[in-house]
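Hi everyone, thanks for making time. I'd like to walk you through a model, and please stop me whenever you want to look at something again.

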Amino acid sequence: MDKKKTIVYSHDTVEFVTVAAEFCGYVEGAQGRNRKDFINTILKLFPLLYLKASLLKAVEVEEDFYPETFVTEQDYEYLRTSIAAVMGEHDDYLDLCNEDVRFSDEPMMKSISEDIADVYQAVRNFVETYRIGIEENMFGAVAEIEQSFQLYWGQTLVNAMRALHRCKGMQEEDDDLYNDAE
C-alpha cells in the first residue's frame with residue numbers, strides 16, 4: 001500500500017472522519033434545540049474532535065492542492081444564525097486569549113455561534129471530500145484539515161469550548177436558584 005492510501009485509511013484518519021461527521025450532523029440540526037442539551041452535547045463533541053484532529057499525521061502534498069469547498073456562505077450563515085438562536089443572550093463572549101487584546105483599548109467580542117460555524121466549515125468541507133472517495137483528494141484533504149487545525153480552527157474550538165463551559169456553569173447556577181425557589 002502506498003503512503004497516500006496508508007494515511008487516507010489509517011485508524012486515526014478514519015476515527016477523525018467518524019467524529020467529524022457526527023459533529024457536523026449534530027450542529028446541522030441545531031435549530032430549535034434546547035440550549036442546555038446543545039451546550040452539553042457540544043462540550044462532549046468538541047474535546048473528542050480536538051483529540052482526533054490532534055492525532056492526524058502531518059503530511060504534505062507534492063503538488064498544489066486546492067480543497068473543494070462545499071459549505072456555501074448561505075449554509076454558513078444559516079448554521080450560524082441557528083446556533084445564535086439556540087444560544088440567545090449567551091452567544092457573545094469576551095475573547096481574552098486573542099493576541100490583539102494586548103494592543104487594544106477595546107475588549108474583543110466573539111460569538112460562540114460564529115466559532116462553531118468556523119469549525120463546522122473546515123470540518124464539513126473535509127467530510128464531503130472524504131465522502132466523494134477520490135483517494136488523491138482525500139489525501140490532500142487530510143493534509144489541509146491537519147494544517148488548518150494547527151493554524152486556525154483548533155484554537156477557535158478551544159475558545160468556543162471555554163465560553164461554552166462558562167455558559168454551562170451559569171446554567172447550573174440558574175438551575176440551583178430555580179430549584180431552591182421551589
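I'll start with the whole chain, go on to how some helices pack, and end with a handful of single residues.

One thing to keep in mind: what you see is a predicted model. The protein chain has 6 helices and 2 strands. If you read along the sequence, the order is α-α-α-α-β-β-α-α, so please keep that pattern in view, because I'll be using the helix numbers a lot. Of the 182 residues in the protein chain, 41% are buried. And for those of you who think in contact maps: take the contacts between residues at least 6 apart in sequence, and 77% of them join residues at least 24 apart.

Now to the packing, beginning with helix α2, residues 11-28. How does α2 sit against α3? Helix α3 covers residues 35-54, and the two axes are 9 Å apart at an angle of about 155°. With an angle over 145 degrees, α2 is therefore roughly antiparallel to α3. The crossing of these two helices is left-handed. On the α2 side, the contact is made by E15, F16, V19, A20, E22, F23, Y26 and V27. They meet a set of α3 residues that includes F38, I42, L45, F46 and L49. Sorted by class, the contact of α2 with α3 comes to 13 nonpolar, 1 polar and 4 charged residues.

Next partner: helix α5, residues 112-132. The axes of α2 and α5 come within 9 Å and cross at roughly 125°. That angle makes α2 and α5 oblique to each other, and the crossing is left-handed. From α2, the residues in this contact include T13, F16, A20, F23 and C24. From α5, they include I116, V119, Y120, V123 and F126. Here the classes are 14 nonpolar, 2 polar and 2 charged.

If you'd like a residue to click on, try F16. F16 takes part in the contact of α2 with α5, and F16 is also among the α2 residues that meet α3. A20, F23 and V27 likewise appear in the contact with α5 and in the contact with α3.

That leaves the third pairing, α3 with α5. Which residues of α3 and α5 make this contact? The axes come within 13 Å and cross at roughly 45°, so α3 and α5 are oblique to each other. This crossing is left-handed. The contact is made by F38, I42, F46 and L49 of α3, together with I116, V119 and V123 of α5. By class, that gives 7 nonpolar residues, with no polar and no charged ones.

Let's turn to single residues, starting on those helices. T41 is in helix α3, and T41 is one of the residues that meet α2. Is T41 buried, exposed or partly exposed? Its relative accessibility is 25%, so T41 counts as partly exposed. The C-alpha atoms of T41 and Y26 are separated by 8.7 Å, with their positions 15 residues apart along the chain.

Over on helix α5 we have R131. At 56% relative accessibility, R131 counts as exposed. R131 and A21 are 110 residues apart along the chain, and their C-alpha atoms are separated by 9.9 Å.

Now please rotate to the loop between α3 and α4, where E60 is placed. E60 is exposed, at a relative accessible area of 67%. Q147 is 87 residues from E60 in sequence and 9.3 Å away in space, C-alpha to C-alpha.

V61 is in that loop too, between α3 and α4. V61 counts as partly exposed, at 27% relative accessibility. What is V61 in contact with, leaving aside its neighbours within four places in sequence? The answer is F139, G140 and A143. Looking toward the start of the chain, V61 and K4 are 57 residues apart, with C-alpha atoms separated by 9.4 Å.

My last stop is N159, in helix α6, which spans residues 135-181. N159 counts as buried, because its relative accessibility is 7%. The side chain of N159 makes a polar contact with the side chain of Q155, at 2.8 Å.

That's my tour, and I'm happy to bring any of those views back up.

Conventions
Residues numbered from 1 in each chain as written. Predicted model: local features only at pLDDT ≥ 70, side-chain atom pairs only at ≥ 80, totals over all residues. Heavy atoms only, no water. Helix = DSSP H or I, 4+ residues; strand = E, 2+ residues; numbered from the N terminus. Buried < 20%, exposed > 50% of the residue type's maximum accessible area, 1.4 Å probe, protein only. Polar contact = N/O pair within 3.5 Å; in protein donor to acceptor, adjacent residues only side chain to side chain. Axes fitted to C-alpha atoms, helices over the stretch in contact; angles between N-to-C directions. Parallel < 35°, antiparallel > 145°, perpendicular 65-115°, else oblique. Left-handed = near helix turned anticlockwise from the far one by under 90°. Contact = heavy atoms within 4.5 Å. Nonpolar A, V, L, I, M, F, W, Y, C, P; charged D, E, K, R; others polar.
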